[in-house]
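Let's take a friendly walk through a protein model, one part at a time. Have the picture at hand as you read.

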Amino acid sequence: MRSALLLVLLAAASLHAAAPVYVVLWFDTEDYIEPAADDAALRIAQDLTSLGVRATFKVVAEKARVLERRGRWDVLRALALHDIGYHSNFHSVPPPPALYLRDLGYLDGAAEFERRESAGLQDLVRIFGVRPSCYGQPGNSWAPQANAALRHMGIPMYLDEGTHVGLNGQPFWYGGLLYVFNMGRFVLRAPLDGREPLAASYARFDHAVAELAGRGGGVLSIYYHPTEFVTVEFWDAVNFAKGANPERAAWVRPRRRSESESNRCFQILHDYVAHAKEVPGVRFVTARELLQLYGNPDPPKVERRQMAALMSARQTFLETRDGALSAADMLLALLDMKPQFVDGPVRRAASTLRDESVPRAVFERAKADAVSFITANKRLPDEVWLGSATLSIGDFAATLAGDDGSGGVRVRRANLDFEKYFSEEPRKAFDWPIHPESFRAPELLELARLQGWTLKPARLR
Ligand SMILES: [Zn+2]
């Protein structure tokens, strides 16, 4: 059955022989405690260079500073031949982002993230001489406030894995960033523990390539940590588990793999990449190259009637042949504003207006006020005032979209369909051995859903 499916997929793939499948291979380069992890990063970077493959090394700032202090210019130079991303200032030294951002709002949270993270980013810029192309959270310590901060810090892309938000296992635009995240069955690794024969890893890879090629192309995400190749336990789990905060002098080193075990792991990566590289249609790309391939999130031109029909019934993104529009893109268009990125609302408001229709003049003033707010704040308002009563932004958008131009405007209620793309598991989504025990963050998922106004699929150029 499986092989029959594979044949169908392969046949479909051959019809789309030109549809490229891009592989983004990334390494969270974070262990600043075990010096053998420095050599692991060096060996991986050099090995990939000799294979003619460029990867993306998401580097923790403290790791880069430690490499500098240890005089490991060889490691820094080898990494610099690849793309450099940012993987937080200290990774696992408490408090991690989801913990300190959980009880903050969207705007104060973004400011706090930037305050804590900008020094680390500056160190990476200084040490590598480039601005990192992307960011990804430590562990599962994701938070939506990071999006606004990263934009302000000049980082245009989010590259990681997690379940907080996702769109059919392919890249998407969210919070004004290109997200490669929650890639589902399109995240592939050849396991280093040897539990899967390499032939099986190859078969899974080939199968995913065939599926994506059959859909007109797409992205596969493969990630590792250099430290995994030389240790049998994570450097942070042995020091910072469950919120522990030992002083630097008390940090312990993780247990090491034997040299032969490490060599076996390096060989698995080498063989896996060498195989992937030879699969027809596959191209390895860096995060920075993906930004080029996906272009910008500018919305295509769409007839007002089409946007109104969707937005009056349910608020979610719209895919067209020429690209996609987020719910926010369409709300701006319906307000006759010029296309631009704006954040979603920062708070969930309930409408206080109980009437079933609104006089034309009152509604026109409310529209002008919404335009004024969005222009001034570069985000959607939580609610729009109609005299002394309010409509939540969702109810306002539905009402605006359903407005047929008659004397009284019939009030419609929101149906925020984009919210289904967000996790409803506040414990599992943030599950990470470094978070305090039983850590959950429903507040962050709620803020994330509010920003769902900005969500839409990304389209290869
Ligand atoms: Zn990490």
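## A small space inside

This is a predicted model, and its largest cavity has a volume of about 40 Å³. With a threshold of 30 Å³ or more, the count comes to one cavity.

Which residues line this largest cavity? They are Asp 28, Thr 29, Glu 30, Asp 31, Ala 37, Ala 41, Lys 63, Pro 226 and Thr 227. Sorted by character, the lining has four charged, three nonpolar and two polar residues. Two elements, β1 and α2, each supply at least two residues of that lining.

## The zinc site

Glu 30, one of the residues lining the cavity, also has a part to play at the metal. The zinc ion is coordinated by Glu 30 through OE, and by His 87 and His 91 through NE2, at 2.1 Å. Along the sequence, these donor residues follow the spacing E-x56-H-x3-H. Glu 30 sits in the loop between β1 (21–29) and α2 (36–51), while His 91 sits in the loop between β3 (83–86) and α5 (97–101), so this pair ties together parts that are 61 residues apart in sequence.

Are Glu 30 and His 91 buried or exposed? Both of them are buried.

## A hairpin with two faces

Now find strand β12, residues 383–386, where the side chains alternate. Val 384 and Leu 386 point to one face and are buried, whereas Glu 383 and Trp 385 point to the other face and are not buried. This fits a general pattern: in a regular strand the side chains alternate between the two faces of the sheet.

Strand β12 runs antiparallel to β13 (residues 389–392), and four bridges join the two. One bridge partner to look for is Thr 390 in β13, which is matched with Trp 385. The hairpin of β12 and β13 has two residues between the strands, and Gly 387 takes a positive phi near 65° there.

## An open sheet of four strands

Another place to visit is an open sheet of four strands with mixed pairing, in the order β4-β6-β5-β15. Why is one side of β4 and of β15 left without a neighbour in the sheet? β4 (157–159) and β15 (456–457) stand at the edges and each has a single partner strand, so one side of each has no neighbour in the sheet.

For β15, look at strand β5 (residues 172–174): two bridges join them, and they run antiparallel. Here Trp 173 stands opposite Lys 456 in β15.

Conventions:
Residues numbered from 1 in each chain as written. Predicted model: local features only at pLDDT ≥ 70, side-chain atom pairs only at ≥ 80, totals over all residues. Heavy atoms only, no water. Donors = N, O, S within 2.8 Å, 3.2 Å for Na, K, Ca; no water. Buried < 20%, exposed > 50% of the residue type's maximum accessible area, 1.4 Å probe, protein only. 1 Å grid on protein atoms, 1.4 Å probe; cavity = no way out; pocket = protein on both sides within 12 Å on 5 of 7 lines; lining within 4 Å. Points joined across faces, edges and corners; volume = space filled by probe spheres on them. Nonpolar A, V, L, I, M, F, W, Y, C, P; charged D, E, K, R; others polar. Pairing = 2+ DSSP bridges.
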